[in-house]
Amino acid sequence: MKNSTRLRRMTTLSLLFALAMIFSFVESRLPTFIPIPGVKLGLCNVVIIFTLLSLGAPSAIAVSLLRVLLSSILFGNAAAFFYSLAGAILSLAVMILSKHFRLFSAVGISVLGGVMHNIGQLLMAWILLGTAGVMYYLPVLLIAGTVAGALIGLLAAYLSKRAESLKL
Amino acid sequence: MRTRRDLILILSLLAIGLLLFLLLRLTAREGERVAVILENTTVAEYPLNVDGEFPLLGGKNTLVIENGEAYIKDSQCPDHTCERTGRISKVRERIVCLPHRLTVKVV
């Protein structure tokens, strides 16, 4: 890769990472609509999906995992780190696969990402709390993840389209 | 084509979620007591027909039982999700405080 291309890529990734951190911060300050642990809008996923669509899987993995690490240190606690990590890994894996097999558009990818994030967190809660009883929340988290994922997906699709001319 | 698959995905996920939700709701019956579970061990149980206020975890959360319903009043956790969960009275309903690894569950 030419030096200028590498520099450009590094700058873009840094900007996207900074954006993901800002969204994390905003989200940590927003009250949740439904008082159930794990229900949230998932604003950061706009950045992750955008990165996945325009720069590819390795970049999306880097931005997502770095964000989980740094936002847990800055805005969360140790428990938050494990929940976010489980959600992020499962969500990334499924989003990358569904993009790879071209099954869904950005909206579908995002819906799967949202739902899988919630399922990853539930599985982590199962491990940490040691009880399968956390699955009680599965129905609500499925619905919340789908709705939030669809909204986030629409936003990410719109942004990716607008950013095509940037030639990232 | 992909838009259509998106729609099918969204509708089926919503349908599954709704179905499971209704299943849980319709099979729920009124509970007799609440169990306080720390990590995965039950540390205390309180009958729902005796009103009272009970400090949990040395006062980090306060459990209130009132008119056969249980709720958390004060929690010294960062998110206060447990307080906003509200009142529970039916079997399997629960209040979870993730920061304190605490669950209050109707049994």
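Which helices of chain A each supply at least two residues of the nonpolar patch? I began my notebook with this question, and I keep in mind throughout that the model I am reading is predicted.

**Entry 1: the patch on chain A**

I looked up the helices and found that they are H1, which runs over 3-29, and H3, which runs over 57-75, both in chain A. Of the two names, H3(A) is the one I underlined, since the largest share of the nonpolar patch, 6 residues, comes from there. The patch lies on the surface, and its members have about 930 Å² of accessible area together. I wrote down several of them, including Leu19(A), Ile22(A), Phe25(A), Leu69(A), Ile73(A) and Phe75(A).

I then picked out one member, Leu66(A), which belongs to the patch and has its place in helix H3 of chain A. Is Leu66(A) buried or exposed, or does it fall between? Its relative accessibility is 45%, and because partly exposed covers the range between under 20% (buried) and over 50% (exposed), Leu66(A) counts as partly exposed.

**Entry 2: where chain B meets chain A**

Next I turned to the interface, where I found 25 residues of chain B in contact with 30 residues of chain A. The area buried between the two chains is about 2700 Å², and carbon and sulfur atoms give 69% of that area. How many salt bridges does the rule find across the interface of chain B and chain A? I noted 0 salt bridges there, whereas the rule does find 5 residue pairs in polar contact, with both residues at pLDDT 80 or more.

On the side of chain B that touches chain A, the elements giving two or more residues are helix H1 (2-26), helix H2 (81-85) and strand S6 (94-97) of chain B. H1(B) gives the most to that side, with 13 residues.

**Entry 3: Leu155(A)**

Back in chain A, I located Leu155(A) in helix H6, which covers residues 138-163. This leucine has a relative accessible area of 38%, so I recorded Leu155(A) as partly exposed. I also looked up its separation from Val107(A): the two residues are 48 residues apart along the chain, while their C-alpha atoms are separated by 8.6 Å.

**Entry 4: Ser75(B)**

My last entry concerns Ser75(B), which I found in strand S5 of chain B, residues 69-75. Since its relative accessible area is 5%, I recorded Ser75(B) as buried. Which residues does Ser75(B) touch, not counting those up to four places away in sequence? I listed Lys60(B), Asn61(B), His80(B), Cys82(B), Glu83(B), Cys97(B) and His100(B).

Conventions:
Residues numbered from 1 in each chain as written. Chains lettered and ligands numbered in written order. Predicted model: local features only at pLDDT ≥ 70, side-chain atom pairs only at ≥ 80, totals over all residues. Heavy atoms only, no water. Patch = residues over 30% accessible without salt bridge, like charges linked within 9 Å, V, L, I, M, F, W, Y side chains within 5 Å. Areas by Shrake-Rupley, 256 points an atom, 1.4 Å probe, with all protein chains shown as cover. Salt bridge = Lys/Arg side-chain N within 4 Å of Asp/Glu carboxyl O. Helix = DSSP H or I, 4+ residues; strand = E, 2+ residues; numbered from the N terminus. Buried < 20%, exposed > 50% of the residue type's maximum accessible area, 1.4 Å probe, protein only. Contact = heavy atoms within 4.5 Å. Buried area = accessible area lost by both parts, 1.4 Å probe. Polar contact = N/O pair within 3.5 Å; in protein donor to acceptor, adjacent residues only side chain to side chain.
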